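Open the model in your viewer and colour it by secondary structure. The stops below follow the chain, then the sheet, then the helices and a loop.

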Amino acid sequence: MEQQPLSSEPHVVIIPHPIQGHVTPMLHLAELLCHTKFNITLITSNYIHQRLIKSSDILGRFSRFSGFCFEAVDDGLPDDYPRVGMDGSWAVIPGFSSNAEPRLKEVLSIGGSVWCLFVDGWLIF
């Protein structure tokens, strides 16, 4: 799932705030857009990516969409840091934003043009 979609199809990049309550609706949006033949790159944290893999069949769910790509970046926090509640959800913003920004620039520069960005309003780039 780490390939970058390259085609003439519209390409959308989705970057949710890396906590489950924000990621789940963005995954639903990504799936709907995949059904309409959009290429999708979803950038989330390594922590959330691993939780999705452990708790669901997320890779199987999106494997049928050749234009879907997960990109996971470090959120800057130790693996055992509690990412729940207000303190935890705010703590991920600085590290995730600073690590996601170079990955976003890379995605934007690789073949094909990005038609749209869906970026959670709490993120800072």
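Trace the protein chain from the N terminus: the pattern reads β-α-β-α-α-β-α-β. That comes to 4 helices and 4 strands. Helices (H or I, at least four residues) and strands (E, at least two) are DSSP runs, numbered from the N terminus.

A note on the model before you select anything. This is a predicted model: local features need pLDDT of at least 70, side-chain atom pairs count only at pLDDT 80 or more, and totals for chains, interfaces and linings use all residues. Residues are numbered from 1 along each chain as its sequence is written, and side-chain values use heavy atoms, with hydrogens and water left out.

**Whole chain**

Show the surface. The accessible surface of the protein chain is about 6,500 Å², and 58% of it belongs to carbon and sulfur atoms. Areas come from the Shrake-Rupley method with a 1.4 Å probe; for residues, only the protein chains shown count as cover. Of the 125 residues, 43% count as buried. Buried means under 20% relative accessible area, exposed over 50%, partly exposed in between (1.4 Å probe, protein chains only). Now turn to contacts, meaning heavy atoms within 4.5 Å. Among those between residues at least 6 apart in sequence, 77% join residues at least 24 apart.

**The sheet**

Select the strands. They form an open sheet of 4 strands in the order β3-β2-β1-β4, with parallel pairing. The edge strands are β3 and β4, each pairing on one side only. From one strand to the next, the twist averages 15°. Two strands pair if DSSP finds at least two bridges between them.

**Strand β1**

Select residues 11–15. Why is β1 largely enclosed by the rest of the structure? Because 5 of its 5 residues are buried. In a regular strand the side chains alternate between the two faces of the sheet. Show side chains here: H11, V13 and I15 lie on one side of β1, V12 and I14 on the other, and all are buried.

Next, add the neighbours. β1 pairs with β2 (residues 39–45) in the parallel sense over 4 bridges. Here V12 stands opposite I40. To get from β1 to β2, the chain passes through helix α1 (residues 20–35), and this β-α-β crossover is right-handed. Right-handed means that, with the strands pointing away from the viewer, the path from the first strand over the helix to the second runs clockwise.

Then go to β4 (residues 114–119). β1 and β4 run parallel, joined by 5 bridges. The bridge partner of V12 in β4 is C116.

**Helices on the sheet**

Select α2, residues 46–55. I48, H49 and L52 are buried. Viewed down the axis of α2, the buried residues fall within an arc of 100°, so they line one face of the helix. The arc is that of the directions from the helix axis to the C-beta atoms. They pack against α1, β2, α3 (58–63) and β3 (68–73). On the other side of α2, K54 and S55 are exposed.

α2 lies across β2 and β3, at about 110° to β2. Now add α4 (residues 85–109), which lies across β1, β2, β3 and β4 and runs at about 160° to β2. Axes are lines fitted to C-alpha atoms, for helices over the stretch in contact, and angles run from 0 to 180 degrees between N-to-C directions.

**Last stop: D79**

Where is D79 found? Look in the loop between β3 and α4. D79 is exposed, with a relative accessible area of 71%. Pick its C-alpha and that of Y47: the two are 7.2 Å apart in space, and 32 residues apart in sequence.
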